[in-house]
Amino acid sequence: MFIYLVLGLVAIIAFKFFHRDNVIEFTVPVPKEAEPGWNNGKILDKPNIRDPENPGFIQCYDPATGQLLDTIKAHTENDIVESLKKARNAQIKWSQTTFSERRNVLKALLNFIVRNQEEICWVSCRDTGKTFVDAKFGEIMVTCERIQWIIKNGENALSPQYRDVPMIMPYKIAKLEFEPLGVVSAIISWNYPFHNAMGPIVSALFAGNGILVKCSEQVAWSMKYFNDIIRKCLMQCGHDPDIVQFLCGFPDCGESLVQSELDGITFIGSPQVGKKIMQSASITLTPCILELGGKDSAIIRHDANLDKTISIILRGVFQNSGQNCIGFERIIVHEKIHDELVKRVLNNIKLMRVGCSLNEEDKVDIGAITMSDHTEKITTLIESAISQGAILLHGGHVYNHPNYPKAQYYTPTLLTNVTSQMGIAKTEIFAPVMVVMKFKSDEEAIEIANSAPYGLGNSIFTSNQNKKYWMAKKLRCGMVNWNDFGASYLCNLPFGGVGNSGFGRFAGVEGLRSQCLMKSITLDRFSSIIQTNIPQLLTYPISTNGSMFVNNLIKVIYENNWLNRVKAILELIKVSIRK
């Protein structure tokens, strides 16, 4: 009998662990230009997204090779009007879908991403010049984790929340409901085109919204494929694909989008553009979430595990060629271990290989700089720092690749002796540049970290538990990680910062709810027995004893002294009896 019981339990456990819901599958053809080894594109003499001969079109090219990928018509105000109309029509029906139906869409999307991760990475790498490993981390893993979190926790996060009621109204029910906003928009940056598009999309869809995604003109080519993925997913699941609209154009396109009748805006980009979006959105009082980059630091105390720390900070600085809003832009290290850390990271940096991951996957550590004019800005910041006393130990210049002379690469760089007064310590550099700063005390480390105008995130490397918490509380930022890089993002905690890093949050419970209209509702608990009944003394015209009644009512409910409460009850009775 015992054996049968054990076998039964094993069968139940096996079913729970290995049973999978039926997931809808679909396929999307991959553009031939994305395939590894593709070299059939025209080499542009001066790669740039703008072609003077075709001002209304976006010239798409591979920054890792300089090859032309396609020429795409830039969207204009008329396209925005039409897209918004389609999304609004589709959102009426979509808002009525159940959480189960929305989960099915996300499950199908997650299944497609996992099974087609190579192809998605090909497309992202071709359009941005990033490496395969960086794409697997920054495009695939974080997107899968975001979707899986919503599948598991989304319904609970958006289910009605019940709140306590006051003593004066015990017969009431107070609750908070989360309703769709309507049609929202996401104006996204180019550094992680797949993830930056899919993150807002899955949140908006699960909240019951329609969404207009305005991608950066830097990645217009890859958005065609990503658009096909989400549209095919929705169609195969039986829903109107018009609920999601992709737009891609120059700055005037983004400006027109912000000024249209949207119900919410999420912007990922620079503080300069973020301020303009906020100003334009103020005309229609459209709520905004602004993620405007960062100047994150890694504070390394003398008691940190240096072997593990060095590996993590190298990833934090050089992932995606430093084009990462939560990347380590400042390495703030204690003077006792400063020289050793610099010596060891220098050895690693000198060995880093720069190139095109799609053509030489196993031989590339650092990919391309996506924006054509950015390398000049990087060099200017470095040279300015050197003129003020910084020491350049490696790099500091454009990398001319022998196989791709028209590509956009920058040599992995190590800069030490940097101070808080230098421009490179205050400006988001977005490049494969490790900036090292030295500190003597914990207080000085905090002062250095807080000296930048940004306040997105920071990391603390130490083995001292007490110091970890003390320093975390002193840092002025939205996120803090201990002995790690970007862990809070993967853990689906709310993402966002303060200062020039913007405001509002996406991801996690708070981020999902930010896509909703939070509606406060009160109901009668026993409507057939008791409802709100205003006393005769307070009914217009108010009795001369009305003020005395309210005075004693307040004492009954909020007075600390019980004797005074009893007195107030007696007074209430007296006042109520008087004519």
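**Figure 1. The whole chain at a glance.** Of the 579 residues in the protein, 52% are buried. Keep in mind that this is a predicted model. Along its principal axes, the C-alpha atoms fill a box of roughly 100 × 75 × 60 Å. The fold counts 18 helices and 20 strands. If you look at contacts between residues at least 6 apart in sequence, 72% of them join residues at least 24 apart.

**Figure 2. How the chain splits into domains.** The domain assignment gives domain 1 as 24–292 + 510–518, domain 2 as 297–496 and domain 3 as 534–577. Measuring between centres over C-alpha atoms is a handy way to place the pieces: domain 2 and domain 3 are separated by 65 Å.

**Figure 3. The largest nonpolar core, shared by two domains.** This core holds 117 residues, and the members that touch the most others are Ile 229, Ile 313, Ile 331 and Met 434. Its top contributor is helix H5 (residues 132–158), which puts in 11 residues. Domain 1 and domain 2 both give residues to the core, so it lies between them. Apart from it there is another core, made of 28 residues, including Leu 415, Val 435, Met 471 and Cys 477. As a general point, nonpolar side chains tend to be buried together in soluble globular proteins.

**Figure 4. Zooming in on Ile 229.** Which residues does Ile 229 contact, once neighbours within four places in sequence are left aside? The list is Phe 26, Val 28, Leu 109, Phe 112, Ile 120 and Phe 194. Ile 229 is also one of the residues touching the most other members of the 117-residue core.

**Figure 5. Strand E14 and its parallel partners.** Strand E14 covers residues 433–439, and 6 of its 7 residues are buried, so the rest of the structure largely encloses it. Strand E11 (residues 330–334) pairs with E14 in the parallel sense, over 4 bridges. Within that pairing, look for Ile 331 standing opposite Val 436 in E14. Strand E13 (residues 413–416) is a parallel partner of E14 too, over 3 bridges. Here Leu 415 has Val 435 of E14 as its bridge partner. Both Leu 415 and Val 435 turn up in the 28-residue core, while Ile 331 belongs to the 117-residue one.

**Figure 6. A three-stranded antiparallel sheet.** This open sheet runs in the order E3-E4-E20, with antiparallel pairing. Strand E3 (161–163) and strand E20 (516–524) are the edge strands; each has a single partner, so one side of each is left without a neighbour in the sheet. From one strand to the next, the twist averages 25°. E3 pairs with strand E4 (residues 172–180) over 3 bridges. One spot to find in this view is Gln 161, which sits opposite Leu 176 in E4.

**Figure 7. Cysteines without a disulfide.** How many disulfides does a search of the whole structure find? The count is 0. Take Cys 144: the closest cysteine sulfur is in Cys 121, and at 9.7 Å that is too far for a bond. Cys 144 counts as buried because its relative accessibility is 15%. Cys 356 tells a similar story, since the closest cysteine sulfur, in Cys 125, is 8.3 Å away and too far for a bond. Cys 356 is buried as well, with a relative accessible area of 2%. For scale, a disulfide needs the two sulfur atoms within 2.5 Å.

Notes: Residues are numbered from 1 along each chain as its sequence is written. This is a predicted model: local features need pLDDT of at least 70, side-chain atom pairs count only at pLDDT 80 or more; totals for chains, interfaces and linings use all residues. Side-chain values use heavy atoms; hydrogens and water are left out. Buried means under 20% relative accessible area, exposed over 50%, partly exposed in between (1.4 Å probe, protein chains only). A nonpolar core is a set of buried Ala, Val, Leu, Ile, Met, Phe, Trp, Tyr and Cys residues joined through side-chain atoms within 4.5 Å. Helices (H or I, at least four residues) and strands (E, at least two) are DSSP runs, numbered from the N terminus. Domain bounds come from an automatic or database domain assignment. Contact means heavy atoms within 4.5 Å. Two strands pair if DSSP finds at least two bridges between them. Axes are lines fitted to C-alpha atoms, for helices over the stretch in contact, and angles run from 0 to 180 degrees between N-to-C directions.
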